[in-house]
Amino acid sequence: MTIKGWAATAANRPLEPFEYDPGPLAADDVEIAVEHCGVCHSDVSMIKNEWGMTSYPLVPGHEVIGKVAALGSNTKGLSIGQRVGVGWV
């Protein structure tokens, strides 16, 4: 699977198209097909490295809403196609 997004590659640079392969789904992982994602001032601070802790490339965004696309073997309480949300991580 290839994930597509927009990433900051360095502080104060415009976002650029970005793709990566996250590798195989781990036993405790949940793959979410993202439908909507929030971007707020904390994302802007991370893009600019205002807190001195940003690791680039950075795909900003949080507060994700989507549907479960795949489940690791150890996950419980979720099902494929279920609508889920993920907060700030």
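Visitor: Where is the place of P57?

Guide: P57 sits in the loop between helix 1 and strand 4. Keep in mind that we're looking at a predicted model.

Visitor: Okay, and which residue is joined to P57 by a cis peptide bond?

Guide: Look at omega for that one. Y56 and P57 share a cis peptide bond, with omega at about 0°.

Visitor: Let's go to the helix before that loop. Which residues of helix 1 are buried?

Guide: Helix 1 covers residues 41-48, and its buried residues are S42, D43, S45, M46 and I47. For the cut-off, buried means under 20% relative accessible area.

Visitor: What covers the buried residues of helix 1?

Guide: The cover includes strand 3, at 30-38, and strand 4, at 62-71.

Visitor: And which residue follows helix 1?

Guide: That's N49, and its phi is positive, near 60°.

Visitor: I'd like to check phi elsewhere too. What is the phi of N12?

Guide: N12 isn't a glycine, yet its phi is positive, about 60°. You'll find N12 in the loop between strand 1 (3-7) and strand 2 (16-20).

Visitor: Is N12 buried or exposed?

Guide: N12 has a relative accessible area of 58%, so it counts as exposed. The cut-off at work here is over 50%.

Visitor: Where is E63, and what is its phi?

Guide: E63 lies in strand 4. Its phi is positive at about 55°, although E63 is not a glycine.

Visitor: On to side chains. How do I read an aromatic pair?

Guide: Two numbers describe a pair of aromatic rings: how far apart the centres are, and the angle of the planes. In this structure the count comes to one aromatic pair. F18 and Y20 form it, 5.6 Å centre to centre with 35° between the planes, and the pair is tilted.

Visitor: How accessible are F18 and Y20?

Guide: F18 has 24% relative accessibility, so it counts as partly exposed. Y20 is partly exposed as well, with a relative accessible area of 36%.

Visitor: How many salt bridges does the count come to?

Guide: The count is one salt bridge. It brings together the side chains of E35 and R83, at 2.5 Å from N to O. The pair links distant parts of the chain, 48 residues apart: E35 belongs to strand 3 and R83 to strand 5, residues 83-86.

Visitor: What is the relative accessible area of E35?

Guide: For E35 the value is 35%, so this residue is partly exposed.

Methods
Residues are numbered from 1 along each chain as its sequence is written. This is a predicted model: local features need pLDDT of at least 70, side-chain atom pairs count only at pLDDT 80 or more; totals for chains, interfaces and linings use all residues. Side-chain values use heavy atoms; hydrogens and water are left out. Buried means under 20% relative accessible area, exposed over 50%, partly exposed in between (1.4 Å probe, protein chains only). Helices (H or I, at least four residues) and strands (E, at least two) are DSSP runs, numbered from the N terminus. Contact means heavy atoms within 4.5 Å. Rings of Phe, Tyr and Trp (its six-membered ring) pair if their centres lie within 6.5 Å; planes under 30 degrees apart count as stacked, over 60 as edge-to-face and the rest as tilted. A salt bridge is a side-chain nitrogen of Lys or Arg within 4 Å of a carboxyl oxygen of Asp or Glu.
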